[in-house]
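User: I'd like to learn how to read a domain interface and a metal site. Can you walk me through them?

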Amino acid sequence: MRIARFTTGDDPRYALVDGEPGSEQLVVLTGDPIYMPVQPTGEQVPLDRDDVRLLAPVIPRSKIIGVGRNYAEHAAELGNEVPAQPLLFLKPNTSVIGPDDPIVLPAWSQEVHHEAELAVVIGKVTRDVSPEKALAQVFGFTVANDVTARDVQRTDGQWARAKGFDSSCPLGPWVVPGLDVDDLGVSARVNGEVRQDGRTSQMIFDVAHLVSYVSEAFTLLPGDVILTGTPAGVGPVVHGDVVEIEVEDIGVLRNPVIRRD
Ligand code: ZN
C-alpha cells in the first residue's frame with residue numbers, strides 16, 4: 001500500500017496510490033489516515049493529470065528527529081568516529097517540502113550536501129518503547145533528503161541552522177505502511193549520476209533501536225518523522241541540479257536545486 005498527499009489546487013487530500021509506474025491512480029480517501037480511520041470517497045484521479053501535484057506525504061505536527069553518523073562509511077568519509085549511541089538532532093517542520101518542490105540554497109552557505117535517507121513516520125503516541133515493541137508504533141516509511149549546509153555545520157558547531165533551514169527536508173513521494181526495512185537500497189542521484197548507493201542493512205542502529213532510543217528522550221506524536229541516517233557518498237548540490245533520492249520498495253523523491261539572487 002502507498003499513501004499519498006496531493007492537491008488539485010484546493011486543500012490537500014489523501015489517497016491510496018494504485019497501479020504501475022506511469023499509470024498510477026489516486027484513490028481519494030475521506031481524511032488523513034495517520035490520525036483517523038478513513039475510507040475511499042469513490043473518486044479516482046490519474047496521478048499524471050496536469051492539475052495533480054503530490055505534496056509531502058506528512059507534515060510533522062511536532063518534530064523531525066535526525067540521526068547522525070548511522071552508517072560507518074559515511075562517518076568515516078567526513079572524518080568522524082562511529083558514535084557509541086545514536087547521535088540525535090532536530091529539524092523544524094518548516095523545513096519540509098514535497099516532491100518536485102525546489103531545494104533553495106541559503107545565501108549564507110556555499111556547500112550544501114544531499115543525504116539520502118529512509119524516513120520513519122510515527123503512528124501512535126510513543127514514549128519509552130522497547131525495541132521489541134517499537135515497530136508497532138510506526139505508521140509507515142517514506143524517502144527523505146536530509147539536506148545539509150556542510151560548511152555551516154562545521155563552523156556553527158550546533159546543527160540547527162545547517163540542517164534546519166527552509167526546504168532542507170524533502171519528504172515523499174508517499175508513505176508505505178508495513179514495509180520490511182531491514183535490507184533496502186538507499187541511493188542518491190544528482191543529474192542522473194549515482195552519488196550514494198547503500199543499504200539499510202548497513203545501519204549501525206536499526207529502525208527498531210532508533211525508535212526506542214528516540215522515545216526515551218522525546219514523546220513521539222503521530223506524524224512525527226525520524227530520519228535514519230545516510231550512507232556514504234554525500235556531496236554538494238548547486239543551482240540547476242536535480243536530486244533524486246530512492247529507497248527500494250518505496251519510490252523516488254525528486255527535487256530541483258535553486259539559488260535565489
Ligand atoms: Zn542525515
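Analyst: Let's start with buried area: the accessible area that two parts lose on being put together, summed over both. Keep in mind that this is a predicted model. Here, domain 1 and domain 2 bury about 890 Å² between them, with 66% of it on carbon and sulfur atoms.

User: Which three residues supply 58% of the area that domain 1 buries against domain 2?

Analyst: Those are Ile3, Ile34 and Leu54, and no other three residues supply more. For orientation, the domain assignment puts domain 1 at 3-55 and domain 2 at 64-258. Their C-alpha centres lie 24 Å apart, and the contact takes 11 residues from domain 1 and 13 residues from domain 2.

User: How many salt bridges are there between domain 1 and domain 2?

Analyst: The count is 1 salt bridge. Polar contacts across the interface come to 3 residue pairs. On the side of domain 1 that touches domain 2, strand E1 (3-7) and strand E5 (53-55) each give two or more residues; E5 has the largest share, 3 residues.

User: Now the metal. Which residues coordinate the zinc ion?

Analyst: Glu115 (OE), Glu117 (OE) and Asp146 (OD) do, at 1.9 to 2.1 Å. Along the chain, the donors follow the spacing E-x1-E-x28-D. Glu115 sits in the loop between strands E10 and E11, and Asp146 in the loop between E12 and E13, so the pair ties together parts that are 31 residues apart in sequence.

User: Is Glu115 buried or exposed?

Analyst: Buried, because its relative accessibility is 4%. Asp146 counts as buried too, at 0%.

Conventions
Residues are numbered from 1 along each chain as its sequence is written. This is a predicted model: local features need pLDDT of at least 70, side-chain atom pairs count only at pLDDT 80 or more; totals for chains, interfaces and linings use all residues. Side-chain values use heavy atoms; hydrogens and water are left out. Donors are N, O and S atoms within 2.8 Å of the metal (3.2 Å for Na, K and Ca); water is not among the atoms, so sites may look incomplete. Helices (H or I, at least four residues) and strands (E, at least two) are DSSP runs, numbered from the N terminus. Buried means under 20% relative accessible area, exposed over 50%, partly exposed in between (1.4 Å probe, protein chains only). Domain bounds come from an automatic or database domain assignment. Contact means heavy atoms within 4.5 Å. Buried area is the accessible area (1.4 Å probe) that two parts lose on being put together, summed over both. A salt bridge is a side-chain nitrogen of Lys or Arg within 4 Å of a carboxyl oxygen of Asp or Glu. A polar contact is a pair of N or O atoms within 3.5 Å; within protein, one must be able to donate a hydrogen and the other to accept it, and residues adjacent in sequence count only if both atoms are side-chain atoms.
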